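Subject: Structure handover

Dear colleague,

Here is the structure I said I would pass on. Please open it next to this message.

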Amino acid sequence: MMKRILVTGGAGFIGSHLCERLVNEGNDVICLDNFYTGAKENVWHLIGRPNFEIVRHDVCQPYWAEVDEIYNLACPASPIYYQNDPIQTTKTSVFGAYHMLGLARRTKCKILQSSTSEVYGDPTVHPQPESYWGNVNTIGLRSCYDEGKRCAETMFFDYHRLHGVRIKVIRIFNTYGPRMAQHDGRVVSNFIMQALRNEDITIYGDGQQTRSFQYVTDLIEGMVRMMNSGDDFLGPVNIGNPGEFTMLELAEKVITMTGSKSKIVFRPLPSDDPKMRRPDITLAKAKLDWEPKVKLDEGLAKTIEYFKGTL
């Protein structure tokens, strides 16, 4: 059955892959984006499809439409962008959640919030289960994003308890793949672009801090499964790849895979940069029968190929 689905932040890196999946499944998709970090190029191949429309709109303002489902992805997700205008970042997370929850309440539709592993801050528990409340600095450079997303989660559960809104909350861990912005400051795109240009690869700190990297198609599968799960499972649920790599390991892997002449250089660690990040995905396995399928080497090969095409 065709569903009418609203995707906020639909022209972003993750949003464009989600729109593509939903359109290909035969749904009627509205892609909402203010193009602060999203790009029309990401959804260019969908424009002209009869079941896809793109609307320039900022979720800090109300939006009205008759829809069956809402995926709320609107928010800058890389430190360069969200620290560039921190007040707007907080507003996007909080007002965006407020306006989309209002729309979901009015249309009685199901709504999914794309939260983030950043709600765990610089974790003291490893790996991070959903029951962990986090270790977050409320007044740091990253707080606009971390606290904005935490507040959005709060609002989602309050709308559910007070108004019976059908909510779904996922916490996304580091995701990479084609259509990442070249200069968004995220580690995978940074390393690949520096390697392809034979520039020095910049590692902040000693390179021993760890991250877990999931390929974008694995995330999209998790999102769709969460949206389609029963109304008794609200989340939050971690969607991420538990494979854990140090920054140094990732840099060396990228250099090898690109055949680059780049050298690794070290710079001071930015404030509040988490030392460890790895999801506990026990809940996702049990409730959604989901786990990531794409290995890092396979995903990196596809991502490197994409970035070669952008040079």
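Below is what was found in it, going from the whole chain to single residues.

Please keep in mind that this is a predicted model.

Overall

The protein chain has 10 helices and 13 strands. Its radius of gyration is 19 Å, close to the 19 Å that the globule rule gives for 311 residues, so the chain is as compact as a globular protein of that length. The C-alpha trace spans about 55 × 45 × 40 Å along its principal axes. Of the 311 residues, 55% are buried. Among contacts between residues at least 6 apart in sequence, 81% join residues at least 24 apart.

The sheet

Seven strands make an open sheet, and their order is β3-β2-β1-β4-β5-β6-β11, with parallel pairing. At the edges are β3 (52–56) and β11 (237–239), each of which pairs on one side only. On average, and with direction ignored, neighbouring strands of this sheet are turned by 20° against each other. As background, strands of a sheet pair through backbone hydrogen bonds, either parallel or antiparallel.

Two of the pairings can be followed in detail. β1 and β2 pair in the parallel sense over five bridges, and L6 stands opposite I30 in β2. Strand β4 (residues 69–72) is joined to strand β5 (residues 110–116) by four bridges, again with the strands running parallel. There, I70 stands opposite I111 in β5.

How well is β2 covered? Six of its six residues are buried. D28, I30 and L32 lie on one side and V29, C31 and D33 on the other, and both faces are covered.

One residue of β4 can be looked at by itself: N72 is in that strand. With a relative accessibility of 3%, N72 counts as buried, the cut-off being under 20%. Leaving out residues up to four places away in sequence, N72 touches T8, G96, A97, M100, L112, Q113 and S114.

Helices on the sheet

Helix α1 (residues 13–24) lies across β1 (4–8), β2 (28–33), β3 and β4, and runs at about 170° to β1. Helix α5 (residues 143–163) lies across β5 and β6 (166–172), and its angle to β5 is about 155°.

Helix α8

α8 has 12 residues and reaches 17 Å from its first C-alpha to its last, close to the 16 Å expected at 1.5 Å a residue. Which of its residues are buried? They are M247, L248, L250, A251, V254, I255 and T258. These cover an arc of only 165° around the axis, which puts them on the same side of α8. The cover over them includes α6, β8 (201–204), β9 (210–212), β12, β13 (264–267) and α10.

T256 is also in helix α8. Is T256 buried or exposed? Its relative accessible area is 63%, and exposed means over 50%, so T256 is exposed. From C-alpha to C-alpha, T256 and A195 are 9.3 Å apart in space, while in sequence they are 61 residues apart. Just after α8, G259 takes a positive phi of about 65°.

Helix α10

For the 15 residues of helix α10 (residues 296–310), a rise of 1.5 Å a residue should give a span of 21 Å; the end C-alpha atoms are 21 Å apart, which agrees. The buried residues of α10 are L296, G299, L300, T303, I304 and F307. They are on the same side of α10 because they cover an arc of only 135° around the axis. E305 and G309 are exposed, and they sit on the face turned away from the buried side.

What covers the buried residues of α10? The cover includes β7 (175–176), α6 (187–196), β10 (214–215), β12 (244–246) and α8 (247–258). Both lists of cover, the one for α8 and the one for α10, include α6 and β12. Each of the two helices also appears in the list of the other, α10 in that of α8 and α8 in that of α10.

Regards

How values were computed: Residues are numbered from 1 along each chain as its sequence is written. This is a predicted model: local features need pLDDT of at least 70, side-chain atom pairs count only at pLDDT 80 or more; totals for chains, interfaces and linings use all residues. Side-chain values use heavy atoms; hydrogens and water are left out. The expected span of a helix is 1.5 Å times one less than its number of residues. Buried means under 20% relative accessible area, exposed over 50%, partly exposed in between (1.4 Å probe, protein chains only). The arc is that of the directions from the helix axis to the C-beta atoms. Contact means heavy atoms within 4.5 Å. Two strands pair if DSSP finds at least two bridges between them. Axes are lines fitted to C-alpha atoms, for helices over the stretch in contact, and angles run from 0 to 180 degrees between N-to-C directions. The radius of gyration is taken over C-alpha atoms; the globule rule is 2.2 Å times the number of residues to the power 0.38.
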